[in-house]
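Here is a walk through one protein model, strand by strand and helix by helix. Keep the coordinates open as you read.

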Amino acid sequence: MWVVGVEEHLPITKRFSHPFEEVVFNFLSQRYKLNEVGLPLFNEWPYAYVLHENKASSYCHYCLKSKWSNQAELITCSRCHFAFYCNQECQLLAHDDHKDECKCMERCEGFIPSRKARIIARMIFKMNENYVPDCHLPEILQKRRFSDLMNHKEEIVNDSRRTKEFRNICNELDEYLFPEHWVGDEVLLDIYGKVTVNSFSILIREISIALGLYIGTSILDHSCDPDVFATFNGPRIIIRPFKPGVERKPLKDLRIGYFGTFVATRERQTLSSSRYYFNCDCALCKDKLRDLEMHSIKCEHCSGVAIFDEKADADSTAICQTCKKTTDGTKAKALMKEMEIVLEQLGANPDAVKEWHNLKSIPEDLKALDEQSRALLSEINVYSSSLSVKLQGMCNVAKLSAEAYDYCLRALKAPQHFLHVNHPLRLLQTKSAGIVKTEHPSTVEEGIELLKEAEKGYRFVGDDARAQECRSVVNAIQEDMINIENNNSTK
C-alpha cells in the first residue's frame with residue numbers, strides 16, 4: 001500500500017452526516033483557506049500488527065517509537081525476551097496482543113517466525129474475541145468485520161509463488177503455536193489470503209518497520225491516480241486527501257495507491273496482477289502518451305523529447321515531439337535495459353550506503369552509465385531520473401556537493417512532468433532541489449520558490465515537520481539577504 005512517513009495523531013473524522021455540516025465546512029474553507037491543508041478523513045488502530053523481525057529490538061512493540069527517540073533504553077519482556085517497550089505503560093497496553101504470543105515465543109527457544117506468520121498467529125489468537133471497531137472510523141466502516149475482507153483464495157491456490165510461501169508459513173506456525181491454537185487449512189488459507197492482499201507496510205520516515213491489517217481502511221480500492229494516501233502515527237493509520245475536494249466524495253468512491261506510480265503502465269499492471277490479483281484500468285493506465293514519455297529518448301536533431309511508436313514494439317525509431325524528425329533509438333533501448341538491471345541492484349543492497357561515506361568520486365561504471373544516459377535519453381526519462389536520484393544520494397553521503405547539485409536538478413525534471421504536485425517523491429525532490437539552489441548565489445530566488453512549493457505541499461499532506469524545514473531555510477535565507485542589503489546601504 002502507498003504510504004508516507006509519520007505524523008502526529010489528529011482524531012478527526014471528516015465525513016458529513018448532516019447537510020448543515022457541509023455548509024459550515026464550505027464556509028470555513030473559504031474564510032480560513034482550509035483547503036490549503038488536507039484534513040484527515042479518518043484514522044484507525046490496526047486489528048493486528050507486528051514489527052519486522054529485524055526491527056524487533058529497535059522499536060517499541062506497542063507504540064512503535066524507536067529506541068533512538070526514547071531518552072531511556074527500551075525495556076524487554078522478561079519472559080520471551082523478544083518484545084521491547086518504551087516503559088511499563090506501553091507493556092501493559094500491549095498485554096492483550098502479546099500474552100499468547102509471549103508463550104509461543106518462549107516455547108520456540110530462539111526461533112523467530114516471519115512477520116507474516118506472526119501476524120497470522122495474532123489473528124488466530126483473536127478468533128474468539130469480540131471485535132470492537134475503532135471509534136475514529138466513519139460509521140459505515142465501523143460495520144466492517146474481518147469476514148468482509150477479500151482473500152483471493154482461488155488465485156492464491158493457482159499461484160505457485162504464493163502457495164510455496166503459504167506452505168512455509170504453515171510449517172512455521174506448526175513449530176510456533178501450541179496445539180490449542182491450531183486451525184484447519186481452510187481457515188489458515190483464508191487468513192493468509194486476507195493478510196497478503198489487505199495488509200499495509202507501516203512506515204516511519206519512509207522506512208518500513210511493521211506490518212498491519214486495518215479492517216476499515218481495507219475498503220479502499222487501488223488507483224494509480226489516487227484520491228487519498230496513508231500516513232502513520234505509530235501503528236495508527238491516518239487517511240489524508242491527496243487532492244483538494246476529496247472530502248466530498250463517498251467513501252466507496254475513494255481510491256488509494258497500493259504501490260508507487262513512477263513507473264510505466266506495464267510494470268504497474270504486473271504489480272497489480274501478481275500481488276493483488278486485479279488489472280488496473282484507471283485513467284493513468286489508459287494514458288498511452290505518459291508511458292511513451294517515460295521511456296522517451298533525446299532527439300539527435302534538436303535534443304527534444306522523442307518517443308517510440310506504441311504500435312511498433314520492434315521498431316527502434318523515435319519521433320521528436322518538437323521538430324517531428326526521427327531518431328534511431330536502438331542504443332537507447334539497450335541502455336534502458338541495462339539501467340533497469342543496475343537500478344534494481346542498487347535498490348537491493350541498502351547496506352551499500354555505508355560504503356558511500358568513503359567515496360572520493362562516483363564509481364567509473366556508474367559515471368559511464370550516467371554519461372550515456374545524458375547523451376541518449378530525454379530529461380523526463382524515468383530511468384535517467386531514477387539513476388540521478390541514486391547518484392544524488394551517493395554524492396550527498398560522500399559530501400560531493402558539486403556533483404550532488406547537478407544530479408539533484410536533473411532528477412527533478414521527471415517528477416515535475418509526471419507526478420501530482422503533492423506526490424511524496426515530487427515533494428522530496430522539490431525540497432532537495434530548493435535547498436541546493438539556495439546554496440548558489442545565482443539561483444537563490446529559484447531555490448526559495450521551490451522551497452515554498454514544497455512547503456505548501458507538505459502542509460497539505462500533513463507533514464508539518466518537513467514543511468517547517470522548508471520554511472526555516474527560506475526564513476534564514478531571507479534574513480541573510482535583508483542583513484546584506486542593510487549592510488550595503490550603510491556603507
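## A hairpin and its sheet

Strands β6 and β7 (residues 207-213) pair in the antiparallel sense, over 5 bridges. The model is a predicted one. Together β6 and β7 make a hairpin, with 2 residues between them. R205 sits in that turn and has a positive phi of about 55°.

The register of the hairpin can be followed by its partners. I204 bridges to I207 of β7. I202 has A210 of β7 as its bridge partner. F200 is matched with G212, again in β7. In general, the strands of a sheet pair through backbone hydrogen bonds, in a parallel or an antiparallel way.

A further strand completes the picture. The open sheet has 3 strands, in the order β3-β7-β6, and its pairing is antiparallel. Which strands stand at the edges? They are β3 (48-51) and β6 (200-204). Each has a single partner strand, so one side of each lacks a neighbour in the sheet. From one strand to the next, the twist averages 35°.

On the other side of the hairpin pairing, β3 and β7 are joined in the antiparallel sense over 4 bridges. Here A48 stands opposite L213 in β7.

How much of these strands is covered? In β6, 4 of its 5 residues are buried, which leaves the strand mostly covered. In β7, 5 of the 7 residues are buried, so the rest of the structure largely encloses that strand.

## The helix on the sheet

Return to the β6 and β7 pairing, with its 5 bridges. Helix α4 (residues 115-125) packs on the sheet and touches β3 and β7. The direction of α4 makes about 150° with that of β3.

Is α4 mostly covered or mostly open? It is mostly covered, with 10 of its 11 residues buried. The buried residues of α4 are K116, A117, R118, I119, I120, A121, R122, M123, I124 and F125. Charged names such as K116, R118 and R122 appear among them. What covers these residues includes the strands β3 and β7. The cover also includes three helices: α3 (95-108), α7 (160-176) and α8 (185-198).

An α-helix has 3.6 residues a turn, so residues three or four places apart point the same way. For α4, the cover includes both strands and helices.

## A buried aspartate

One of the covering helices, α7, leads to the next stop. D159 is placed in the loop between α6 (153-157) and α7. Is D159 buried or exposed? Its relative accessible area is 15%. The cut-off for buried is under 20%, so D159 counts as buried.

Leaving out residues up to four places away in sequence, D159 touches S274 and Y277. With Y277 there is also a polar contact: the two side chains are joined at 2.8 Å.

## A second open sheet

Another sheet follows later in the chain. It is open, has 4 strands in the order β12-β13-β14-β15, and is antiparallel in its pairing. The edge strands are β12 (297-298) and β15 (326-328). Each of them has a single partner strand, so one side of each is without a neighbour in the sheet.

At one end of that order, β12 pairs with β13 (residues 305-308) in the antiparallel sense over 2 bridges. In β13, V305 is the bridge partner of K298.

## Helices α13, α14 and α15

Now look at a pair of helices. α13 (residues 364-376) and α14 (residues 382-398) pack at an angle of about 145°. Their axes are 11 Å apart. The crossing of α13 and α14 is left-handed.

Which residues make the contact? From α13 they are L366, L369, D370 and S373. From α14 they are S384, L387, L391 and M394. By type, the contact of α13 with α14 divides into 5 nonpolar, 2 polar and 1 charged.

The last stop is K413, in helix α15 (residues 401-418). K413 is partly exposed, with a relative accessible area of 37%. Not counting residues up to four places away in sequence, K413 touches E379 and I380. K413 and Q429 are 16 residues apart in sequence, and their C-alpha atoms are 9.5 Å apart in space.

Notes. Residues are numbered from 1 along each chain as its sequence is written. This is a predicted model: local features need pLDDT of at least 70, side-chain atom pairs count only at pLDDT 80 or more; totals for chains, interfaces and linings use all residues. Side-chain values use heavy atoms; hydrogens and water are left out. Two strands pair if DSSP finds at least two bridges between them. Axes are lines fitted to C-alpha atoms, for helices over the stretch in contact, and angles run from 0 to 180 degrees between N-to-C directions. Contact means heavy atoms within 4.5 Å. Buried means under 20% relative accessible area, exposed over 50%, partly exposed in between (1.4 Å probe, protein chains only). A polar contact is a pair of N or O atoms within 3.5 Å; within protein, one must be able to donate a hydrogen and the other to accept it, and residues adjacent in sequence count only if both atoms are side-chain atoms. A crossing is left-handed if the near helix is turned anticlockwise from the far one by less than a right angle, and right-handed if clockwise.
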